[in-house]
Amino acid sequence: MANLKVQIGGTIYQINEKALRKTGWNKEPITPYFYASYVAAGQLVKQWVKNNYPNVVCRVKGSSFANGNSMSVNVCNVDGSPISDADYQAINNFAHLFEYGRYDGQHDLYES
């Protein structure tokens, strides 16, 4: 399977080619766009952490379920100890770039 090259903040990342959407739901051609599914987002987060924090271990787990997807990012130092709060915030901020919204169970609605 081929990879796409995506540039974010001057750095080139590689993601699965399935992230490029060329057809709509009805299979008609559309203007191509990049769809950051939980798989593509996970690939980007892992590469970003490796480029910016080479001594941090990063594990990403994605899930797909009815009406949504989720992605969990776990990070630690190589020895298993917690990373600094500043590094955690930077990684958290990058990972949240791919968040479409949140489900509010109390009000039974999705907030974009």
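Leu 4 has Ile 15, in β2, as its bridge partner. That pair belongs to the ladder between β1 (residues 3-8) and β2, where six bridges hold the two strands in an antiparallel arrangement. The model behind all of this is a predicted one. The hairpin that β1 and β2 make has two residues between its strands, and Gly 9 there takes a positive phi near 55 degrees.

A second hairpin follows with β3 and β4. Here the pairing is again described by bridges: three of them link β3 (residues 20-23) to β4 (residues 29-34), in the antiparallel sense. Thr 23 finds its bridge partner in Pro 29 of β4. Five residues sit between the strands of this hairpin, and Lys 27 is the one to look at, with a positive phi near 70 degrees. Most residues other than glycine have a negative phi. Lys 27 goes the other way, with a positive value in a residue that is not glycine. As for its surroundings, Lys 27 is found in the loop between β3 and β4, and at a relative accessible area of 66% the residue is exposed.

Stepping back to the whole chain, there are two helices and eight strands. Read along the sequence, these come in the order β-β-β-β-α-β-β-α-β-β. The C-alpha trace spans about 50 × 40 × 25 Å along its principal axes. Of the 112 residues, 23% count as buried. If one takes the contacts between residues at least 6 apart in sequence, 32% of them join residues at least 24 apart.

The outside of the chain can be put in numbers too. About 8,100 Å² is exposed, and carbon and sulfur atoms supply 49% of that area. On the charge side, the chain carries 10 positive and 9 negative side chains, with 14 Å between the centres of the two sets.

Inside, the largest nonpolar core has 19 residues, and Val 45, Trp 48, Val 49, Ile 91 and Phe 98 are those with the most contacts within it. Two or more residues each come from β2 (11-16), α1 (38-52), β5 (56-65) and α2 (85-95). The largest share is that of α1, which gives six residues. Phe 98 shows how parts of the chain meet here: setting aside neighbours within four places in sequence, this residue is in contact with Ala 36, Ala 41, Leu 44 and Val 45. Val 45, among these partners, is itself one of the core residues with the most contacts.

Tyr 53 makes a nice case to finish on. This residue lies in the loop between α1 and β5, yet Tyr 53 counts as buried because its relative accessibility is 17%, below the cut-off of 20%. Beyond its neighbours within four places in sequence, Tyr 53 is in contact with Trp 48, Asp 87, Ala 90 and Ile 91. Two of these partners, Trp 48 and Ile 91, are also listed with the most contacts inside the largest nonpolar core. The contact with Asp 87 spans quite a stretch of chain: Tyr 53 and Asp 87 are 34 residues apart in sequence, while their C-alpha atoms are 8.2 Å apart in space.

Conventions:
Residues are numbered from 1 along each chain as its sequence is written. This is a predicted model: local features need pLDDT of at least 70, side-chain atom pairs count only at pLDDT 80 or more; totals for chains, interfaces and linings use all residues. Side-chain values use heavy atoms; hydrogens and water are left out. Two strands pair if DSSP finds at least two bridges between them. Helices (H or I, at least four residues) and strands (E, at least two) are DSSP runs, numbered from the N terminus. A nonpolar core is a set of buried Ala, Val, Leu, Ile, Met, Phe, Trp, Tyr and Cys residues joined through side-chain atoms within 4.5 Å. Buried means under 20% relative accessible area, exposed over 50%, partly exposed in between (1.4 Å probe, protein chains only). Contact means heavy atoms within 4.5 Å. Accessible areas come from the Shrake-Rupley method with a 1.4 Å probe; for residues, only the protein chains shown count as cover. Lys and Arg count as positive and Asp and Glu as negative; His and the chain ends are not counted. The place of a charge is taken as NZ of Lys, CZ of Arg, CG of Asp or CD of Glu.
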